[in-house]
Amino acid sequence: MASGEGKKSGEGKKPNANAKGGGGKKKEVKKETGLGLSYKKEDNFGEWYSEVCVNGEMIEYYDISGCYILRPWTMAVWETMQTFFDAEIKKMKIKNCYFPLFVSPGVLQKEKDHIEGFAPEVAWVTKSGQSDLEVPIAIRPTSETVMYPYYSKWIRGHRDLPLRLNQWCNVVRWEFSHPTPFIRSREFLWQEGHTAFATKEEAGIEVLEILELYRRVYEEYLAIPVIKGKKSELEKFAGGYYTTSVEAFIPNTGRGIQGATSHCLGQNFAKMFDITFENEKGEKAMVWQNSWAYSTRTIGVMIMVHGDDKGLVMPPKVASVQIIVVPVPFKDANTQAIFDACDATVKTLNEAGFRAEADLRDNYSPGWKYSHWEMKGVPLRIEIGPKDLANKQVRTVRRDNSAKVDIPMVDLVEQVKVMLDDIQQNLFDVAKQKRDACIKTVRTWDEFIEALGQKKMILAPWCDEMEVEKDVKARTKGETGAAKTLCAPFDQPDLEGVSCFVTGKPAKKWSYWGRSY
């Protein structure tokens, strides 16, 4: 299952990441007493991204290249998305399970196209202590081949269907260059759903229901606009029937990024693993299967889209801390009264259901604290000083646009709710505006090449032939990677009288094209 862990990488790479060895050099992070970032998002996106991930306390580099420690600030985001998605799939009668991490070579190699797609990335266990294992054991890169032998065992008749399982787990994909936190890592967290149905129609309905949940994760929670569509034959999941995805775009790098995938596997795996059932007429039939996944890659997309030169910018819905309260005592002020007001403010906000904390550390100045929490992307800062205390008010400062507003304590809960909702919406609106400004519709090869050079997400009509896509890849291959189809959007412009931008043949569909992660 692709989940968005793609095959190519570009920006965000660490030049000193030794991708070949197991113990590549760790990222050298500048040790500075100051808080700011050394790199600007516009000037050096890759280094900016690495620095934001570390300084914002999302990850720490590990002593094995391509592996990262996910810190609590990251896990809070993951858990929020998990809580939403898990509740939604349970409404659909999908149940959670857990299958082992290890795969025997026999089952891994059962589906030829599938394993060819994953073979370079499979990590193998070859030793136990000092002894060589008689048969090496693979570590799952995805779980189709782990799970489906048991689907064959559990499904006998039509009453056993549908079988709808999901697991929250880690997977390992080893072989790649340029590891990038969240975007391309050797181990990552994800959910993977694996379902079996009696009919193609039922499977098709679920594919789109799950894709809609993925859209909601991105748009409603992470405030990132995505495009829903279908992958080309060349880009679909190895061994699958068809693949749908949600596609995001990173304006700074001019790259698309596969956000999550929902695949209809058809009956191919059922054939390989003999997953058959007796239908209502007493006839033997093969099941129709789906698989679908999203991973911690979602968090990397969020950082890339919203982050700025001050650090992370967290959407309120997923932020570990939504409001940070900072005391601003002056020399002769009643410090204890200010601290008490901060505690009372946090208590009021927490009781109203917000995630609020106070930073009462006395060894840091208010200015240092402002920068620290801006780096960590906290959506709203509340400052309380002597004047605020006297006026029974607080000062609020938004992370997304730095707007400062004084609000009466009596209106605190009501006003904070309005502000957080507005921040969430504004992050989405700004991201959509930037993404939309990067979309270019073209009809000819020359227009396509020009738009590609301008880092655009290109909407172009084409004849839907695999050889043509291969040709586009070959002709656009460069240091920054080749262009390919991202998806054919479900929302299709008119095709009447439109020709393929490459061959001039009648166009069969409009697709988004571009370089991608």
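Two strands are said to pair when DSSP finds at least two bridges between them. With that in hand, the hairpin of strand 10 and strand 11 is a handy place to start in this predicted model. Four residues sit between the two strands of this hairpin, and Gly254 takes a positive phi near 65°. Strand 10 covers residues 242-250 and runs antiparallel to strand 11, with nine bridges joining the two. One pair to look for is Val246 and its bridge partner in strand 11, Ala260.

Strand 11 is worth staying with for a moment. This strand spans residues 255-266 and is mostly covered, with 12 of its 12 residues buried. Besides strand 10, strand 11 pairs with strand 14 (residues 288-295), to which five bridges join it in the antiparallel sense. Here Cys264 has Asn290 of strand 14 as its bridge partner. Strand 11 also pairs with strand 23 (residues 509-516), this time in the parallel sense and over two bridges. On that side, Gly256 finds its bridge partner in Ser516 of strand 23. As a general point, strands of a sheet pair through backbone hydrogen bonds, either parallel or antiparallel.

Further along the chain comes an open sheet. Five strands make it up, in the order 16-15-17-18-19, and the pairing is mixed. At the edges are strand 16 (356-358) and strand 19 (404-408), each of which pairs on one side only. From one strand to the next, the twist averages 25°. Strand 15 (residues 323-327) and strand 16 run parallel and are joined by three bridges. Within this pairing, Ile324 has Glu357 of strand 16 as its bridge partner.

Two helices lie across parts of this sheet. Helix 9, made of residues 335-351, lies across strand 15, strand 16 and strand 17 (380-384). Helix 10, made of residues 366-375, lies across strand 15 and strand 17. Relative to strand 15, helix 9 runs at about 170°, and about 170° is also the angle given for helix 10.

Next, the open spaces. The second largest pocket holds about 390 Å³ of space. Its lining is made of 22 residues, and those nearest its centre are Val305, His306, Gly307, Val430 and Lys434. Helix 8 (297-306) and helix 12 (412-437) are the elements that give two or more residues to this lining. Helix 12 gives the most, with six residues. By type, the lining of this pocket divides into 10 nonpolar, five polar and seven charged residues.

Closed spaces turn up too: the structure holds three cavities of 30 Å³ or more. The second largest cavity has about 40 Å³ of space. Lys230, Lys231, Ser232, Trp462, Thr485, Leu486, Cys487, Ala488, Lys509 and Ser511 line this cavity. Strand 22 (484-489) and strand 23 each supply at least two residues of the lining. Strand 22 gives the most, with four residues. The lining of the second largest cavity divides into four nonpolar, three polar and three charged residues. Strand 23 thus appears twice in this account, once as a parallel partner of strand 11 and once in the lining of the second largest cavity.

Note on methods
Residues numbered from 1 in each chain as written. Predicted model: local features only at pLDDT ≥ 70, side-chain atom pairs only at ≥ 80, totals over all residues. Heavy atoms only, no water. Axes fitted to C-alpha atoms, helices over the stretch in contact; angles between N-to-C directions. Contact = heavy atoms within 4.5 Å. Buried < 20%, exposed > 50% of the residue type's maximum accessible area, 1.4 Å probe, protein only. 1 Å grid on protein atoms, 1.4 Å probe; cavity = no way out; pocket = protein on both sides within 12 Å on 5 of 7 lines; lining within 4 Å. Points joined across faces, edges and corners; volume = space filled by probe spheres on them. Nonpolar A, V, L, I, M, F, W, Y, C, P; charged D, E, K, R; others polar.
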